[in-house]
Amino acid sequence: YVDGQTVPALKEEADCVPFAAFAPIIYPHSHIGTSIYDLINDVSLIKTMMERQLIDGTFLQTSGLVGVDVNTVNVDDMLVRRPGGIVRVEGNPGAGLFPLQTPDVGPTVMASLEYMDAIKEGRTGVTRYSAGLDANTLNKTASGLQAIQAAANQRIELIARTLASGFRDLFLVIHT
């Protein structure tokens, strides 16, 4: 403080503005752009939730829940689940034990995951064809696949050039 006012500790001239701001996807007439993460963040959260539900549904299908009558069934036998395990009951087993049905959600979830993959491909412009991950590419036309790959490669190169320009500015600020 000098005379009750704040003064800068270091005051010197700079040859350039010592800031570098950049983004992989730029918008015209805008300082701030966006990232690939911003484009597909919600898709990744949805896919994670759906994959977890698929796993949980498969687990419940293969090792489902069982309702028990605690008066006729030994509950300790039900707490430890083993393939081919024995459950001790008093009286009719059908009256003391009954399976709780779990619907098969596999086909629905798999179709939803395919839909989310299509959304991700549409937002990023990079498809499974361009990454060489589609098993059915032999059934597609060669010229069509080349066009898809060329478009995806151009988008990737644009993002790389944009980032390279930003990193150049960043390292020029660091260097000076």
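Is L97 buried, exposed or partly exposed? L97 is partly exposed, with a relative accessible area of 22%. Here buried means under 20% relative accessible area, exposed means over 50%, and partly exposed lies in between (1.4 Å probe, protein chains only). The model is predicted, so local features need pLDDT of at least 70, side-chain atom pairs count only at pLDDT 80 or more, and totals for chains, interfaces and linings use all residues. Residues are numbered from 1 along each chain as its sequence is written, and side-chain values use heavy atoms, with hydrogens and water left out.

L97 lies in strand β2 (residues 97-99). Helices (H or I, at least four residues) and strands (E, at least two) are DSSP runs, numbered from the N terminus. L97 touches V66, G67, V68, V73, M78, V87 and V89, not counting residues up to four places away in sequence. Contact means heavy atoms within 4.5 Å. L158 is 61 residues from L97 along the chain, and the C-alpha atoms of the two are separated by 63 Å.

M78 and V87 also appear in the lining of the largest pocket. The other lining residues are S63, D77, V80, R81, R82, P83, G85 and I86. The volume of this pocket is about 240 Å³. Pockets were sought on a 1 Å grid over the protein atoms alone. A cavity is a set of points where a 1.4 Å probe fits but cannot get out, whereas a pocket is an open set with protein on both sides within 12 Å along at least five of seven lines. Lining residues have an atom within 4 Å of a point. Grid points are joined across faces, edges and corners, and a volume is the space filled by probe spheres set on the points. By class, five lining residues are nonpolar, two are polar and three are charged. Ala, Val, Leu, Ile, Met, Phe, Trp, Tyr, Cys and Pro count as nonpolar, Asp, Glu, Lys and Arg as charged, and the others, Gly among them, as polar.

Charge pairing was examined next. Side chains of opposite charge can pair when their charged atoms come close. A salt bridge is a side-chain nitrogen of Lys or Arg within 4 Å of a carboxyl oxygen of Asp or Glu. The whole structure holds five salt bridges. One of them involves the pocket-lining residue D77. D77 pairs with R88, and the closest N and O atoms are 2.7 Å apart. D77 lies in helix α2 (residues 75-79) and R88 in the loop between α2 and α3 (93-96), so the pair ties together parts that are 11 residues apart in sequence. D77 is buried, at 15% relative accessible area.

A salt bridge also joins R52 and D56, at 3.8 Å from N to O. Both residues sit in helix α1 (residues 36-62), four residues apart, so about one helical turn separates them. R52 is partly exposed, with a relative accessible area of 47%. D56 is partly exposed too, at 38%. Another salt bridge links R168 and D169, with the closest N and O atoms 3.3 Å apart. R168 is partly exposed at 48% relative accessible area, and D169 is partly exposed at 32%.

Helix α1 also contributes to the largest nonpolar core. This core has six residues in all: V43, M50, L54, V109, L113 and M116. Helices α1 and α4 (106-124) each supply at least two of its residues. A nonpolar core is a set of buried Ala, Val, Leu, Ile, Met, Phe, Trp, Tyr and Cys residues joined through side-chain atoms within 4.5 Å. V43 touches M116, I119, K120 and R123, not counting residues up to four places away in sequence.

Two other positions in α1 were examined. I55 is found in helix α1 and is partly exposed, at 48% relative accessible area. I55 and V105 are 50 residues apart in sequence and 9.9 Å apart in space, C-alpha to C-alpha. G57 also belongs to helix α1. G57 counts as buried, at 12% relative accessibility. Its C-alpha is 7.6 Å from that of T102, and the two residues are 45 apart in sequence.

In helix α4, E121 counts as buried at 17% relative accessibility. E121 touches V126, T127 and R128, not counting residues up to four places away in sequence. H29 is found in the segment before α1. H29 has a positive phi of about 60° although it is not a glycine. At 87% relative accessibility, H29 counts as exposed.
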